[in-house]
Amino acid sequence: MCTISGVSTAGVPAKCIIPETIFMTELTESVTRMMREFEKLPGIGKKSAEQIAYHLLKIDKDKALALADAIRNVKEKVRYCSECYNLAEENTCDICKDSRRDTALLCVVEQSRDLISLEQTGIYNGLYHVLLGRIAPLDQVGPDQLTIGALVHRVKKGQFKEIVMATNPTVEGDGTALFIMNQLEGIPVKITRLARGITTGNDLKYANKEMLSDALLERQAVRND
Ligand SMILES: [Zn+2]
C-alpha cells in the first residue's frame, strides 16, 4: 500500500509515483538535506530548491548522479592558474600556455567570468591577471585577500609594456584600479583603463560583445611609462 501519495496510475505501482506536492513534514531526512543545500546556492530560493529537488527525485538515477559527478569533478580538478589566477585544470591555464598570445599586454580583471566576457569579443590577444574580487571595505574585502601582490610581482619582472585595467566601472572597481595603480608607482609601464562604453555602475559580465569591444579598442591611457 502506498504511503506517499495514494495515487494509482495504470500499470505503475502506486508506491513508485512521487506526487507533485509533498509537504515538508512528509519529506525524508535526505530530501530535506538536499533542499537545504540547494537553498544555499546564489539565486535559489526555497521554491526553486523544492522544484530542483522534485525534478531530481523524478529523473533516472543515472541522470541525477551525472550532476553529482559534474560537481565532484569540478571541485577535484579545477584550480587557479599559478600565473594569472584564471580557472585551470593544470598548473597553468590555456591562455598562459598559448604561445600566440601577446605577452607584453596584461589585462587586469576582477573575476574569471569577466575574462570570459572579454575573450568573447575576440579582439584581445594579451595575457590576463584575475584579482579574485575587488576591494570592498563594506564586505570586509581588503587588498590582501586579492591577488594584487602577485600582480605587482608579475609587472615588476618587466615583461609587460601595457597594463589594461578592466575592473568593473563601479565605485569599488574604480577604487581597486586606483589602489593597483598606486602599487605600480615607479614601475615603467603604460596603464590604460577600459573606455566608458560600459555604463558606469554596470558589471562587465552584463555588457554585450559590441560594448566590450568598443571599451577595449578605445581604452584610454591613465599613465604612460
Ligand atoms: Zn593563466
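**Exercise 1. Work out why Ile148 counts as buried or exposed.**

Solution. Start with the neighbour count: Ile148 has 21 other C-beta atoms within 10 Å, so Ile148 is buried. The cut-offs are these: a residue is buried if 20 or more other C-beta atoms lie within 10 Å of its own, exposed if 12 or fewer, and partly exposed in between, with C-beta atoms placed from the backbone.

A word on the model before we go on. This is a predicted model, where local features need pLDDT of at least 70, side-chain atom pairs count only at pLDDT 80 or more, and totals for chains, interfaces and linings use all residues. Residues are numbered from 1 along each chain as its sequence is written.

Next, place the residue: Ile148 belongs to helix α6 (residues 148–156). Helices (H or I, at least four residues) and strands (E, at least two) are DSSP runs, numbered from the N terminus.

Finally, list its partners. Leaving aside residues up to four places away in sequence, Ile148 touches Leu131, Pro143, Ile180 and Gln183; contact means C-beta atoms, placed from the backbone, within 7 Å.

**Exercise 2. Find which residues of helix α7 are buried, and how they are arranged.**

Solution. First, pick them out: Gly173, Thr176, Ala177 and Ile180 are the buried residues of α7. Now look down the axis of α7: these buried residues fall within an arc of 100° (taken from the directions from the helix axis to the C-beta atoms), so they line one face of the helix. The general rule helps here: an α-helix has 3.6 residues a turn, so residues three or four places apart point the same way.

Then turn to the other side, where the face of α7 pointing away from its buried side carries exposed Val171 and Asn182. Last, see what the buried residues of α7 pack against: β3 (102–109), α6, β5 (162–165) and β6 (190–193).

**Exercise 3. Describe the largest nonpolar core and say which element gives it the largest share.**

Solution. Begin with the definition: a nonpolar core is a set of buried Ala, Val, Leu, Ile, Met, Phe, Trp, Tyr and Cys residues joined through C-beta atoms within 7 Å. The largest one here has 34 residues, and Cys107, Val108, Val109, Ile163, Met165 and Ala166 have the most contacts inside it. Its largest share, four residues, comes from β3. To zoom in, take Ala166: among its contacts are Cys107, Val108 and Val109, as well as Leu194 and Leu204.

Conventions. Two residues are in contact if their C-beta atoms, placed from the backbone, lie within 7 Å.
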